Amino acid sequence: MAAADWGGKADHLAGERATAQFDVDGMKVAWAGSRHAVEVADRMACLVASDPVFRKDTRTMLSRKELFKDTLKKAAHAWKRTVELHLTEEEANLLRLYIDQPGYVDLHWVMFVPAIKGQGTEEQQKKWLTMAYKFQIIGTYAQTELGHGSNVQGLETTATFDPSTDEFIMHSPTLTSSKWWPGGLGKTSTHAVVYARLITEGKDYGIHGFIMQLRSLDDHSPLPGITIGDIGGKFGSGAYNSMDNGVMRLDHVRIPRDQMLMRLAQVTREGKYVHSDVPKQLLYGTMVYVRQTIVADASRALSRAVCIAVRYGAIRKQFGSKAGGPETQVLNYKTQQSRLFPFLASAYAFRFVGQWLKWLYTDVTQKLESKDFSTLPEAHACTAGLKSVTTSATADAIEECQKLCGGHGYLNSSGLPELFAVNLPACTYEGDNVVLLLQVARFLMKTVSQVASGKQPVGTTAYMGNIQHLMQCKSVVNTVEDWLNPAAIKEVFEARALRMAVNCAQNISKAPSQEEGFSELSPDLVEAAVAHVQLIIVTKFIEKLQEDILGHGVKEQLQKLCGIYALHLIHKHLGDFLSTGCVTARQGSLANERLGKLYAQVRPNAVALVDAFDYTDHYLGSALGRYDGDVYSALYKEAWKDPLNETVVPDGYQEHLRPLLKQQLKLSRL
Ligand SMILES: CC/C=C\C/C=C\C/C=C\C/C=C\CC/C=C/C(=O)SCCNC(=O)CCNC(=O)[C@H](O)C(C)(C)COP(=O)(O)OP(=O)(O)OC[C@H]1O[C@@H](n2cnc3c(N)ncnc32)[C@H](O)[C@@H]1OP(=O)(O)O
Ligand SMILES: Cc1cc2nc3c(=O)[nH]c(=O)nc-3n(C[C@H](O)[C@H](O)[C@H](O)COP(=O)(O)OP(=O)(O)OC[C@H]3O[C@@H](n4cnc5c(N)ncnc54)[C@H](O)[C@@H]3O)c2cc1C
């Protein structure tokens, strides 16, 4: 289907496609998760690509105001199509995804609705979700403030209960308590879940969620006591500037008591605070949910960048043989392959771990519903860690893909600058990546101490139970071929992760206090957390290969990609593997040798492996990544769309350029 909006013109990449050694359709199913997923994604991608309202080829040339209005238009049109076509929730989500323009609807569906679902009582859900599902109200998630983002317990907005009127008084006591960043808050949202310190009977009970109406449903003006606006332009052209991230100050705004989200805790009519018998961490449940979705977003963003760089690399030629033969496709340079193919492998690795994380999240949610909270810490650690590792790797990789495409990669028409600018903040939002890795480290330190006291760890830390073996084992790898063995790969990743965690735990125990030790060791703890998360990704990729995978050659290609993913990490983090004694220098160089062979095996399949992502040209939005590889015509055509080319002689010539040139000419004649 990726050729759907291509129109069957000459395929400059046909030769590349002919060398593929596997069934691309089968790979599409492996990537998407099922035949059904391929089919529905195709339908929605085509729907978007064929609708002129969803055009985005001139997006980076729009002013902020034009871009924002365009986002409102697209969102309204998407909703109209959703209703007209009776789209299911799955279809509507995909429609939004392929429109590919951040906007208020993301916050409404991804945060506002889940926050009410997770933290509201049944009665509250019935009331608010009924309106939210029909878009009678538009909601956002207003947690972060000017002064605090990571430290949620440090938020300053207050919600003081007034028993005389049965209301909460919502207030921003300081400049730093201004809400700052919530998407859609600036200009669009009519409602928000606002996080504030609950104060009743003179006592501060900490952060809780409250539903607030912000704007009139008649004329959209802010309600009395609410000052609200956009926080200003953000990194890059187009990109995240379509989103109206907002600032909001509250001046003693009153809301009814029943607008406190009361599933986790309640305030009675008399003002008494009552906490339910659920862990208070469930307050952070919306973040766990969203972090899980962000892993899937990361794999998608990375795969888009890789698709662009691989297709372009197959078209772009530089330098010929000394004998005057044809020029070389840049993708054939070993340096390009060693920079690019690990990203190709990572895209698949992140995709599969994202599918597993979705399963884990669903499983934990079901357990929570039956009051089993035992798996919550692991769900938090997995979502935080995977969100962190996948988004950091993705942002770095998109930037590198720009360089892999040379000068043309720096053009907006390559699609890469916007892709980078939109995905870079994923390293920060939903939890700064370092802050989240420290949460993972905290979980690991607890697990190490439990193992030391004889408790058997489960789930993603089960390997730590094998401590006797993993602390002293030596890798059995002796030849290049030995690095094809998944068990050998898994063992070195387990040993590295465990030894790094145990080293940290031992060093912390030497510090005057646990807290001081944790702080002093935090750079090492972050590295130990990364090692643990990389082990999870490698393990889930290996487990994926044990499933039934249909299609000629599909499993073989995935085995190669799994090998590349794992071995490039060994190469990149060789210092960790050597210093913990998990591999020897010789084994490290054997891994690198194996990696080189895998790159050569993947090369004839590279274009087909990115075709399997099944992206339309519309979604990819790149002159360099076009399905037909007709790169140069596309670049040439795109250039003429720039507003600077609307006139032959530029605006400003008469005022600034002509007088300068004339003056210089006059001077030269003197
Ligand atoms: C079209 C758009 C283009 C592309 C993208 C498309 C779609 C993208 C989809 C979504 C994204 C869309 C838009 C982005 C919108 C962004 C929104 C936001 O950013 S909202 C704000 C998010 N804010 C954060 O994430 C803040 C980070 N900080 C925290 O989470 C916590 O404060 C922190 C965990 C760091 C510290 O908590 P705190 O209570 O102060 O400390 P402590 O460390 O003592 O923890 C106590 C206790 O609780 C456990 N815990 C912490 N968090 C959780 C959790 N979430 N779940 C379960 N448990 C948790 C912690 O481990 C500790 O436990 P123990 O005491 O050790 O047992
Ligand atoms: C595009 C975008 C959209 C957003 N959308 C929303 C939204 O819809 N709703 C919402 O509520 N919020 C939103 N946010 C806010 C976002 O959640 C916060 O920016 C994020 O949680 C990070 O917090 P911070 O900005 O306070 O960073 P800070 O915590 O101030 O981080 C600054 C630096 O300090 C470091 N640091 C902080 N604490 C520690 C520590 N304990 N140990 C070591 N290092 C530390 C960090 O690593 C970072 O390098 C959005 C942000 C962005 C960029």
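**Notebook: two ligands, two domains**

I looked up ligand 2 first and found that α12 gives the most residues to the shell around ligand 2, namely three. Helices (H or I, at least four residues) and strands (E, at least two) are DSSP runs, numbered from the N terminus.

I noted that this is a predicted model, in which local features need pLDDT of at least 70 and side-chain atom pairs count only at pLDDT 80 or more, while totals for chains, interfaces and linings use all residues. Residues are numbered from 1 along each chain as its sequence is written, and chains are lettered from A and ligands numbered from 1 in the order in which they are written.

**Ligand 2**

I counted 21 residues around ligand 2, the closest being Gln 143, Thr 144, Gly 149, Ser 150 and Trp 181. The elements that give two or more residues to this shell are β1 (139–142) and α12. A residue is near a molecule or strand if its C-beta atom, placed from the backbone, lies within 6 Å of it. By class, I found 11 nonpolar, nine polar and one charged residue in the shell around ligand 2. Ala, Val, Leu, Ile, Met, Phe, Trp, Tyr, Cys and Pro count as nonpolar, Asp, Glu, Lys and Arg as charged, and the others, Gly among them, as polar.

**Ligand 1**

I then turned to ligand 1, which is surrounded by 30 residues, with Val 152, Gln 281, Tyr 284, His 380 and Gly 431 the closest. Two or more residues each come from α6 (104–119), α8 (285–315), α10 (376–404) and α12 (433–452). Which element gives the most to the shell around ligand 1? I found that α8 does, with six residues. This shell holds 14 nonpolar, 12 polar and four charged residues.

**Domains**

I read the protein as divided into domain 1 (113–277) and domain 2 (285–459 + 481–611), with bounds from an automatic or database domain assignment. Their C-alpha centres lie 36 Å apart. The contact takes 12 residues from domain 1 and 12 residues from domain 2; two residues are in contact if their C-beta atoms, placed from the backbone, lie within 7 Å. On the domain 1 side, α6 supplies the largest share, four residues. That side has six nonpolar, six polar and no charged residues. The shell around ligand 1 draws at least three residues from each domain, and the shell around ligand 2 also draws at least three from each.

**Helices α9 and α17**

I checked helix α9 (residues 334–369) against helix α17 (residues 554–572): they pack at an angle of about 110°, with their axes 8 Å apart. Axes are lines fitted to C-alpha atoms, for helices over the stretch in contact, and angles run from 0 to 180 degrees between N-to-C directions. The two helices are therefore roughly perpendicular to each other, a label for angles of 65 to 115 degrees (under 35 is roughly parallel, over 145 roughly antiparallel, the rest oblique). The residues of this contact include Phe 341 and Tyr 348 of α9 and Leu 558 and His 568 of α17. I found 10 nonpolar, two polar and no charged residues in the contact.

**Strands**

I looked last at strand β5 (residues 191–200) and strand β6 (residues 203–213), which pair in the antiparallel sense over nine bridges. Two strands pair if DSSP finds at least two bridges between them. Tyr 195 has Gly 209 in β6 as its bridge partner. The two strands form a hairpin with two residues between them, and Glu 201 in the turn has a positive phi of about 50°.
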